[in-house]
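The following exercises are to be worked through with the sequence and the model at hand. Each task is followed by a solution in steps.

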Amino acid sequence: MSKFYSLLNYGCQMNESDGEHYSGQLQELGYQYVADFHKADFILVNTCCVRESAEKRIAGKIGELKAVKVANPQVIIAVAGCMAQKEGDKLLQKYPQIDLVLGTSYVDDFKNILANYRRRAAFLDLTVRPKEFEGTKVRKSSFHAWIPIMYGCNNFCTYCIVPYVRGRERSRKKENILAEVRQGVSQGYKEFTLLGQNVDSYGKEFGVPDAFADLLLAVDAIPGVERLHYMTSHPRDISDAVIGAVAKGRHISEHFHLPVQSGSNEILRRMNRGYTREHYLELIRKIRLAVPQAVITTDIIVGFPGETEEDFQGTLDLVQEVGFDSAFTFIYSKRSGTPAAKMENQIPLDVKKQRLQRLMDLENINSLACNEKMVGREYSVFAEGPTKNRDIWSGRTSGNKLVLWPVEGRAYKQGDEVQVLVEKAQTWLVKGRAKQ
Ligand code: SAH
Ligand code: SF4
Ligand code: F3S
């Protein structure tokens, strides 16, 4: 009789990638995927804890699973990922419906753990497991593949929980990364994203200078790699060699995602970001010089402890000066165990909300202005699928811009390369018509 599994994935691209690993191992154990978790024999909740809002949403979902367990006591419910790592045994105590808690460094051991599963247990030791994850993956997309190049983070930005739940930086060996990309190409993948919390420090432990720029060029040179992205860069660490690699690479995306977090030097210092606004602006200037068509996006936190109106104004000024293509904007969320959680002058929620709104209003104007520059130009778009209106398809440019176009009688499939002439810009996307 077939067994079924469901995967509820939250959080960042690294969790997406881990989810593909879990799926691969579950399928090796004979499970088949089912979207409706009520029909599953095994439910995996892969969690995130970067902000309180994520944790609340996930806690709600775990609560919902209680009824599933009552209806079917045989179902195995596992909670994995960053919140599992952070909350550990507390989850087992609080939620009787949970059978297994898996920390972030047990991804590759999951198959063994599940095959030998007997009773409720937690696997949480971060320190003893430096090895890299290998083995089967079942990917969601038929043309785009996530490729982790490093795990963990050593930066300890003072607001951030990630270094505590993902452990210290470990880079994968270059030959293993290249082998995974080659295998991907042989399976029909053509677009790849190299993943790490701070990709610019890839390979530091090998003692090779410019290891990340080298890796980018080596992946770019693999026949069949048609598009190459990477995330996330750190403004302190991105090197001239990386900018040079993007400029001269054949298929490296001209998208630079460079989280600035704040435009105030005092806040940046207290965030432990390791750069100033002047350094950041200089970096943007260098990028635009080397890659004139660069798409530049960022992450910004408002309401970090002690952020004054003047500090916030510094952020607005920087946003105005750079003219980001888009920005992910967040209200600072207190994460217990991080240095910022203990800082004085936590900002009241209503002030944070107001600042977020003012920032978003400004960024929306900038995003629209950037997208308007695309009008009248033609872009190569990788088709992702139909929108709700099935006569309209969506896809992305090499700079990661979302594009919609009408099917007009043509039959597309995921991964098709379509030439689209952009006719209309909106804040979040552009619309156009396919040539040919
Ligand atoms: N390693 C990546 C991603 C980290 S999490 C990086 O350094 O960019 C993604 C984003 O979440 C961060 O860039 C930051 O803007 C935001 N973030 C992290 N911790 C947060 C917190 N405690 N409150 C609000 N936003 C946070
Ligand atoms: Fe968090 Fe900073 Fe590491 Fe990014 S670089 S994961 S924001 S500690
Ligand atoms: Fe990613 Fe969330 Fe963990 S952002 S690294 S899944 S805390």
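The model is predicted.

**Exercise 1.** State which residue follows helix 12 and what is notable about its phi. Then describe the length of helix 12 and its surroundings.

*Solution.*
Step 1. Helix 12 is followed by G323, whose phi is positive, near 65°.
Step 2. Helix 12 covers residues 309-322, which makes 14 residues. From its first C-alpha to its last, helix 12 reaches 20 Å, close to the 20 Å expected at 1.5 Å a residue.
Step 3. The buried residues of helix 12 are D311, F312, G314, T315, L316, L318, V319 and V322.
Step 4. The elements that cover these buried residues include helix 10 (265-270), helix 11 (277-290), strand 13 (295-302) and helix 13 (349-372).

**Exercise 2.** Determine how many residues of strand 3 are buried, and identify the strands with which strand 3 pairs.

*Solution.*
Step 1. Strand 3 comprises residues 42-47, and six of its six residues are buried.
Step 2. Both faces are covered: one side carries F42, L44 and N46, the other I43, V45 and T47.
Step 3. Strand 1 (residues 3-9) pairs with strand 3 in the parallel sense over five bridges. Here Y5 has F42 of strand 3 as its bridge partner.
Step 4. Strand 4 (residues 76-81) also pairs with strand 3 in the parallel sense, over six bridges. In this pairing T47 stands opposite G81 of strand 4.

**Exercise 3.** List the residues around ligand 3 and those around ligand 2, and sort each shell by class.

*Solution.*
Step 1. Around ligand 3 are G11, C12, N15, C48, C49, V50, C82, R166 and Q197.
Step 2. This shell has five nonpolar, three polar and one charged residues.
Step 3. Around ligand 2 are C153, N155, F156, C157, Y159, C160, V162, P163, Q197 and R273.
Step 4. The shell of ligand 2 divides into seven nonpolar, two polar and one charged.
Step 5. Comparing the lists shows that Q197 appears in both shells.

**Exercise 4.** How many disulfides does the structure hold, and why does C49 not form one with C82?

*Solution.*
Step 1. A disulfide is a covalent bond between the sulfur atoms of two cysteines.
Step 2. The cut-off for such a pair is 2.5 Å between the sulfur atoms.
Step 3. The cysteine sulfur closest to that of C49 belongs to C82 and is 5.2 Å away, so the two are too far apart for a bond.
Step 4. The count of disulfides in the structure is zero.
Step 5. As for accessibility, C49 counts as buried at 1% relative accessibility. C370 is buried as well, with a relative accessible area of 12%.

**Exercise 5.** Where do N345 and E408 lie, and what is unusual in their backbone angles? Which residues are joined by a cis peptide bond?

*Solution.*
Step 1. Most residues other than glycine have a negative phi, and most peptide bonds are trans.
Step 2. N345 is not a glycine, yet its phi is positive, about 60°. N345 lies in the loop between strand 14 (326-331) and helix 13, and is exposed, with a relative accessible area of 58%.
Step 3. E408 also has a positive phi, near 50°. The place of E408 is the loop between strand 17 (402-406) and strand 18 (417-425). At a relative accessible area of 41%, E408 is partly exposed.
Step 4. The cis peptide bond joins M231 and T232, with omega about 10°. T232 is found in the loop between strand 11 (227-231) and helix 9 (240-248).

Conventions. Residues numbered from 1 in each chain as written. Chains lettered and ligands numbered in written order. Predicted model: local features only at pLDDT ≥ 70, side-chain atom pairs only at ≥ 80, totals over all residues. Heavy atoms only, no water. Near = heavy atom within 4 Å. Nonpolar A, V, L, I, M, F, W, Y, C, P; charged D, E, K, R; others polar. Buried < 20%, exposed > 50% of the residue type's maximum accessible area, 1.4 Å probe, protein only. Helix = DSSP H or I, 4+ residues; strand = E, 2+ residues; numbered from the N terminus. Expected span 1.5 Å × (residues − 1). Contact = heavy atoms within 4.5 Å. Pairing = 2+ DSSP bridges.
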